[in-house]
Amino acid sequence: MAGEQLWTRWTENARRAPEREAIVHWVAGEEPFRWRWGDLVAQAARFSRALADAGVRPGDVCATILRHHRAFYPLYMGISGAGAIASVLAYPNPRLHPSKFVQGLSGMARRSGLRWILTERALEQQVRPLVEAPGSTVQGVLFPLERDLGGGGAAAPAAARPGADPHLPCLLQHSSGTTGLQKAVVLSHAAVLEHVRDYAAAIGLGPEDRIASWLPLYHDMGLIAAFQLPLACAVPVVTLDPFEWISAPVLLLEAISRERATLSWLPNFAYNLLADRVHDEDLEGLRLDSVRLLVNCSEPVRADSHARMLARYAPRGLRPETLGACYAMAETTFAVTQTAPSRPARVVEVDRDALARGEAAPPRDPERARTCVSSGTPIPGCEVEVVADDGRPLRDGRVGELVVASRSLFDGYRNLPDETAAVLSNGRYRTGDLGFRVEREVFVVGRKKDVIIVAGKNLYPEDVEDAVSAVEGVLPGRVVALGVADEALGTEQVWVVAESERHGTAAADALRTAIQLAGMAIDVTIARVLVAPPRWLIKSSAGKPSRKANRERVLAGELDVP
């Protein structure tokens, strides 16, 4: 793959096997639409020509804001074929206020050099004003899915020209922690292709594999693992609508069973949904014995989520060795580490108090134990180091910041040199994640910026959130623990926001008491408990709690509680 652009790889796949399935587009209640390589690339070439005719030029940033549609895939490929830079953005949903959607898109228009918005007519009134907005780089709004998807010739895309530079940027990713879409990760053709080659080796990807995914393509887990990887390696991928999946998680299991899929990537919360929100009658006739690897890409990975998933679906053919994990981020294209495909992720027990002091020591008291799940060893082309605050390397078993060197490292945050310099130096990326190593295996324990310091003691919010999630009446996984400054004491207090159906009822008082008792059980004093209605909390595109955003909402008084 060295020296290629994405378009070269795709057209070669089409030349070799034009009738081979490339993408199976699933819509609930309908027969899947099956893109074969020859038709897919031919349609992508038509989109390339149409975009060029509309004024799109090589190097232009094109943001797609589209719902689940079979034409999205050749359109995305056509952007690359036109020599432009693709960026997938989230389609607004009922939980997202229209002003928040426009605010985020406006931030991208000001900071990322956005030139074209490719969207649906339903969003025209929201996005059209960006063309005239002060400081905006947006040149135009296009509605590509209104074009005829049928025949018609196409000139050779710009990317097919001889000598196309593989080191040119091909896409922008916005990491799950990005606010206002202002910090865009720039990746080159070479970085993406080198990465999928290395990651394919790490998971033993082969011609018999078949991927199934509901993941949104605006997140690196979906875009790289469930789109760029199968396209580059000519492995079929079955794609579901994320909105449909969230409403009916069984859809992924149906796709796996019917299409005999072997691989899927999931954030940790998806394991809980699949374990808890699928009815037994919906599983009739479903088999999961084709799966050889389910990859948990959360930080940290939860052992109880794996256990619940296995307990629920072992009768359907799911095996312990299929439950793997990886550590991944947009800045490294995708994966940094990966567990071996042939065995379950390694689990170790460590002492909570020792962990707070920076050491992953065995627990002295079972009540003070924290279960940590390995994210695997570095994939080919990656190195991971654990360092202290001053940059000193730490030995195995010591907790510090994870620093990554990778041959598929991002080129920087687009148009943000200061932010890039703060985390990227001499080919090493400071992730902001805390973790430790055991025999080359990496264990992620939390985010450095999220650690709560109470009277000099470090607390990981994940530990508090796990304890509170187990309280009866709390919606599992819908909890955020926050550090709030106490100016009088000169330290931080622990506040907890927990979603519950009991919000606004007399039972909420009893729930607050139960939550505080759960904190005491792990030696944490919870200064304030706020009971929120269901779906009040903001989570990232990866399903992780957005602690900063939720903290701002709480301190602004957006949660109306006593």
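Q: Which residues of α10 meet α11, and what makes that a contact?
A: From α10 come Asn-268, Tyr-271, Asn-272, Leu-274, Ala-275 and Asp-276, and they meet Ser-305, His-306, Arg-308, Met-309, Arg-312 and Tyr-313 in α11. They count as being in contact because heavy atoms lie within 4.5 Å. Keep in mind that this is a predicted model. The residues of this contact split into 5 nonpolar, 4 polar and 3 charged.

Q: At what angle do α10 and α11 pack, and what is the handedness of the crossing?
A: Helix α10 (residues 268-276) and helix α11 (residues 303-313) pack at about 35°, and their axes are 9 Å apart. The crossing of α10 past α11 is left-handed. That name goes to a crossing where the near helix is turned anticlockwise from the far one by less than a right angle.

Q: Why is Val-278 called buried?
A: Val-278 has a relative accessible area of 5%, and buried means under 20%, so the label fits. You'll find Val-278 in the loop between α10 and β12 (293-296).

Q: What does Val-278 touch, leaving aside neighbours within four places in sequence?
A: Val-278 is in contact with Pro-249, Val-250, Leu-273, Leu-283, Arg-312 and Tyr-313. Take Val-250: it sits 28 residues from Val-278 along the chain, yet their C-alpha atoms are separated by 5.8 Å. Two other partners, Arg-312 and Tyr-313, also turn up in the α11 side of the contact with α10.

Q: What makes Glu-21 and Arg-210 a salt bridge?
A: Their side chains meet at 2.5 Å, N to O. The cut-off is 4 Å between a side-chain nitrogen of Lys or Arg and a carboxyl oxygen of Asp or Glu, so the pair qualifies. Side chains of opposite charge can pair when their charged atoms come close.

Q: How do you know that the pair links distant parts of the chain?
A: Glu-21 is in strand β1 (residues 21-25), while Arg-210 is in the loop between α6 (189-203) and β9 (211-213), which puts them 189 residues apart. The pair also belongs to a network of salt bridges that links Glu-21, Arg-34, Arg-210 and Glu-259.

Q: Buried or exposed: which word suits Glu-21 and Arg-210?
A: Buried. Glu-21 comes in at 14% relative accessibility and Arg-210 at 15%, and the limit for buried is under 20%.

Q: Why is Arg-128 called partly exposed?
A: Arg-128 has a relative accessible area of 34%, and partly exposed falls between the 20% and 50% limits, so that's the class. Arg-128 forms a salt bridge with Glu-124, with the closest N and O atoms 2.8 Å apart. Glu-124, at 22%, also counts as partly exposed. The whole structure holds 42 salt bridges.

Q: What makes the set around Trp-37, Tyr-199, Trp-265 and Phe-334 a nonpolar core?
A: A core is a set of buried nonpolar residues of certain types joined through side-chain atoms within 4.5 Å. The largest such set has 115 residues, and those four have the most contacts inside it. Helix α7 (residues 220-233) gives the most to this core, with 8 residues. Tyr-199 touches, among others, Leu-229, Trp-265, Val-295 and Phe-334. A second, separate core of 21 residues includes Ile-65, Leu-89, Leu-105 and Met-108.

Key
Residues are numbered from 1 along each chain as its sequence is written. This is a predicted model: local features need pLDDT of at least 70, side-chain atom pairs count only at pLDDT 80 or more; totals for chains, interfaces and linings use all residues. Side-chain values use heavy atoms; hydrogens and water are left out. Axes are lines fitted to C-alpha atoms, for helices over the stretch in contact, and angles run from 0 to 180 degrees between N-to-C directions. Helices (H or I, at least four residues) and strands (E, at least two) are DSSP runs, numbered from the N terminus. Ala, Val, Leu, Ile, Met, Phe, Trp, Tyr, Cys and Pro count as nonpolar, Asp, Glu, Lys and Arg as charged, and the others, Gly among them, as polar. Buried means under 20% relative accessible area, exposed over 50%, partly exposed in between (1.4 Å probe, protein chains only).
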